[in-house]
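Me: I would like to learn how to read a helical model with some care, starting from simple geometry and moving on to packing. Could you take me through it one feature at a time?

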Amino acid sequence: MSKNKYPKQTRKKILEVAFKLFNDRGYDNIVMQNIIDATGFSRGAIYHHFKNKNEIMQSVLNEIYQEDTNFFAELMAQNLDAITRVDRLIDYIVSSPIKREMAYAMWSHKNNMVLYSNVVNTLNSASPAVATIIQQGIEENVFSTKYPDQAAEVVMLLLNIWLDPTIDINISSQQLATRFDFLCELLEKIGIPLFSEKSISTLKTYYLSFLTDRKVE
């Protein structure tokens, strides 16, 4: 058997093709043979990199989370105030096609692995990153709270789960917009007006676009 000269490219294509299959047809409806057929690689080439589809999915998620970690490191290396950092973070989230696909994978396809992994990443990686920004805002006197870590966890869980329109298939545009308005008011009341007018507009448009996509489907 000839040796694969481009193992990194092979692995990358397997992950890209598999995630598309999971998203298009549902994780539970895909078996390894589907991935073999879709990639055009031999059975041996696929199993050389991954033992099963669970391992493929976890590898996809790990790469996504690593990209997030890299982005945040770059963000914090820049000389920015706290509110501007939040603006940049929001821009990164809404401009990422893979995050939209993850939302559908979690809720539309009821992929428990993606859901669990996302919640763990939210609490262990994303929330601490946001807490760092909140702490900076406290030092800049734009935020006021004794609990930056806990505030970050609540904000991220609400954004990633409670506000995710793919979890509630019956939610209307008005209900979703009202939820977001409530979150903004809540943050104001507890001393963490986290979102600028720009970010509020960007996030509302982003979340409401999921409802538009659902109608098209």
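Reply: Let us begin with helix length, for which the expected span is 1.5 Å times one less than the number of residues in the helix. Please keep in mind throughout that this is a predicted model.

Me: What span should the 17 residues of helix H9 have, and how far apart are its end C-alpha atoms?

Reply: Helix H9 runs over residues 173-189, and because each residue is taken to add 1.5 Å, its 17 residues should span 24 Å, which agrees with the 24 Å between its end C-alpha atoms. Helix H1, residues 7-25, can be read in the same manner, since its 19 residues reach 27 Å from first C-alpha to last, close to the 27 Å expected.

Me: Which residues of H9 are buried, and on which side of the helix do they lie?

Reply: The general idea is that an α-helix has 3.6 residues a turn, so residues three or four places apart point the same way. In H9 the buried residues are Leu176, Ala177, Phe180, Leu183, Cys184 and Leu187. These residues cover an arc of only 115° around the axis, which puts them on the same side of H9. The face turned away from that buried side carries the exposed residues Gln174, Glu185 and Lys189.

Me: How should I read the backbone where a helix is followed by a residue with positive phi?

Reply: Most residues other than glycine have a negative phi. Here H9 is followed by glycine 191, with a positive phi near 90°, and glycine 26, just after H1, takes a positive phi of about 95°. Asparagine 141 is not a glycine, yet its phi is positive, at about 65°. This asparagine 141 sits in the loop between H7 and helix H8, which covers 148-162, and it counts as exposed because its relative accessibility is 70%, the cut-off for exposed being over 50%.

Me: At what angle do helix H4 and helix H7 pack, and how far apart are their axes?

Reply: Helix H4 (residues 53-77) and helix H7 (residues 112-139) pack at an angle of about 5°, and their axes are 11 Å apart. Such an angle makes H4 roughly parallel to H7, because angles under 35 degrees are counted that way. Among the residues that make the contact are Met57, Leu61, Tyr65, Asp68 and Phe72 of H4, together with Val114, Asn121, Ala129 and Ile133 of H7. The residues of this contact divide into 10 nonpolar, 7 polar and 1 charged.

Me: Is aspartate 68 of H4 buried or exposed, and what is it in contact with?

Reply: Aspartate 68 is found in helix H4 and is buried, with a relative accessible area of 18%. Leaving aside neighbours within four places in sequence, aspartate 68 is in contact with Tyr92, Lys99 and Asn121. Serine 59 is also found in helix H4, and at 11% relative accessibility serine 59 counts as buried. With neighbours within four places again left aside, serine 59 is in contact with Arg11, Leu15 and Phe50; the C-alpha atoms of serine 59 and leucine 15 are separated by 7.5 Å, although the two residues are 44 residues apart along the chain.

Me: How many helices and strands does the protein have, and what percentage of its residues are buried?

Reply: The secondary structure comes to 10 helices and 0 strands, and buried residues make up 44% of the 217 residues. Of the contacts with a separation of 6 or more, 67% are accounted for by residues 24 or more positions apart.

Notes:
Residues are numbered from 1 along each chain as its sequence is written. This is a predicted model: local features need pLDDT of at least 70, side-chain atom pairs count only at pLDDT 80 or more; totals for chains, interfaces and linings use all residues. Side-chain values use heavy atoms; hydrogens and water are left out. Helices (H or I, at least four residues) and strands (E, at least two) are DSSP runs, numbered from the N terminus. Buried means under 20% relative accessible area, exposed over 50%, partly exposed in between (1.4 Å probe, protein chains only). The arc is that of the directions from the helix axis to the C-beta atoms. Axes are lines fitted to C-alpha atoms, for helices over the stretch in contact, and angles run from 0 to 180 degrees between N-to-C directions. Angles under 35 degrees count as roughly parallel, over 145 as roughly antiparallel, 65 to 115 as roughly perpendicular and the rest as oblique. Contact means heavy atoms within 4.5 Å. Ala, Val, Leu, Ile, Met, Phe, Trp, Tyr, Cys and Pro count as nonpolar, Asp, Glu, Lys and Arg as charged, and the others, Gly among them, as polar.
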